[in-house]
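Me: I should like a close look at the salt bridges of this structure. Please set out the partners and their surroundings in one connected account.

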Amino acid sequence: MNKLIILLAGLMLCASACTEKQMAETTASGLKPADFRTEVDGKQTNLFTLKNKNGMEVCITNFGGRIVSIMVPDRNGNMRDVVLGFDSIQDYIKYPTDFGATIGRYANRINQGKITVEGVEYQLPQNNYGHCLHGGPHGFQYQVFNARQLNSQSLELSYLSKDGEEGFPGNLTCKVVFSLTDDNAIDIRYSAETDRATVVNMTNHSYFNLDGNPAQSNANYLLTIDADSYTPVDSTFMTTGEIALVEGTDMDFRTPVAIGARINNDSQQLKNGKGYDHNWVLNTKGDITRPCATLMSPESGIVLDVYTNEPGIQIYAGNFLDGTLTGKKGIVYGHRASVCLETQKFPDTPNKPQWPSTLLKPGEQYNSHCIYKFSVR
């Protein structure tokens, strides 16, 4: 009898220990780090977790420098995962997307994939309507970064983009540092150096769903952009070179407007962009202390303020999400299930010298700073 009691007690202790281990191997957002441990192109991938004193959690993988999940409290204190993504590295590989990715070398589009750097013309991949989009089909979002977790709230990712990668000149050594602050902000700092003149324009491509429910669209989200102007696009999503005033147009978000209020209007720019997929010229002019854009969900009360030292921000309203992708927890990502807020230099700046330059020369350092700060209302 005593032996039976001891055996049962041992089994209970084992079950308890196994449960604790399983819990330790699952993030607050329900991700299993084991599903992110593999090799891609001979490099080790992993999932890294940042937590602050408020219980906020951010999960990042070094495959593409991607934010996989962000757990933040809603107005009732319930934690919600507010970004789209997948449950495993295998899904990120199987379904090529920009979900949560670090984009480089050049975020957004370059006309016909052509750049001229110090008198030499380079041909880049033409992977989007004849243009080079987000650094080409093998841009940074599909590369494995070296990872170093600095502490429980900071992660450093680094990558060497070799001379000629996706057609870009110069060996570019770049670094991205993600820091989760105790005021519920994700502070992202990009830096890069090159041994040969090149162009650089990095950003983060998180798809935000502030309801924590990607089965719902972004139609009711209130968007504010501190911008009097934007850069119009043609039917191939390429900037025309014009800087146009937002006043009196569907592009005016200087006061809060629901995204769904005008997105289906018959204006030419909304037709060209299939909705909102445009760059706004920020009034903040590099002032990192001023929010350049604010997104708010009336349903959850979650507010996202964006800060940047960059001159522009691309707002993309998930127009190409079409219900064919199933993301975390088996949820189907439907049309306009999110909003991207990508801080950046303007699209196609290398071919539009009147716009802020993306040129980086040896001896110089590229620095870009973006803050995604969460609160409730």
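Reply: The account below takes the salt bridges in turn and then passes to the buried interior. The model is a predicted one.

A search of the whole structure finds 17 salt bridges. In one of them, the side chains of Asp163 and Arg196 meet with an N to O distance of 3.1 Å. This pair links distant parts of the chain, 33 residues apart: Asp163 lies in the loop between β13 (154–161) and β14, and Arg196 in the loop between β15 and β16 (198–199). Asp163 counts as partly exposed because its relative accessibility is 39%, and Arg196, at 37%, is likewise classed as partly exposed.

Another salt bridge joins Arg254 to Asp228, with 3.6 Å between the closest N and O atoms. Here too distant parts of the chain are linked, the partners being 26 residues apart; Asp228 belongs to strand β20 (residues 227–231), whereas Arg254 sits in the loop between β21 (244–245) and β22 (257–258). A relative accessibility of 35% makes Arg254 partly exposed, and a value of 33% places Asp228 in the partly exposed class.

Lys271 and Asp266 form a further salt bridge through their side chains, at 3.3 Å from N to O. Lys271 is partly exposed, at 43% relative accessibility. Asp266 has a relative accessible area of 61% and is therefore exposed, since the cut-off for that class is over 50%. In addition, salt bridges link Asp74, Arg80 and Glu299 in a network. As a general matter, side chains of opposite charge can pair when their charged atoms come close.

The strand β15 (residues 185–194) also holds Ser191. With a relative accessibility of 16%, Ser191 counts as buried, because buried means under 20%. Apart from neighbours within four places in sequence, the contacts of Ser191 are Thr173, Cys174, Lys175, Gln365, Tyr366 and Asn367.

The interior remains to be described. The largest nonpolar core has 60 residues, of which Ile70, Ile186, Trp280, Ile313, Leu341 and Phe374 touch the most other members. Strand β14 (residues 172–180) supplies the largest share of this core, namely five residues. A second core, separate and of 21 residues, includes Phe36, Phe99, Tyr207 and Ala337. Returning to Ile313, its contacts beyond four places in sequence include Ile225, Trp280, Leu282, Val306 and Leu341, and also His278, Asn279 and Glu342. In soluble globular proteins, nonpolar side chains tend to be buried together.

Key:
Residues are numbered from 1 along each chain as its sequence is written. This is a predicted model: local features need pLDDT of at least 70, side-chain atom pairs count only at pLDDT 80 or more; totals for chains, interfaces and linings use all residues. Side-chain values use heavy atoms; hydrogens and water are left out. A nonpolar core is a set of buried Ala, Val, Leu, Ile, Met, Phe, Trp, Tyr and Cys residues joined through side-chain atoms within 4.5 Å. Buried means under 20% relative accessible area, exposed over 50%, partly exposed in between (1.4 Å probe, protein chains only). Helices (H or I, at least four residues) and strands (E, at least two) are DSSP runs, numbered from the N terminus. Contact means heavy atoms within 4.5 Å. A salt bridge is a side-chain nitrogen of Lys or Arg within 4 Å of a carboxyl oxygen of Asp or Glu.
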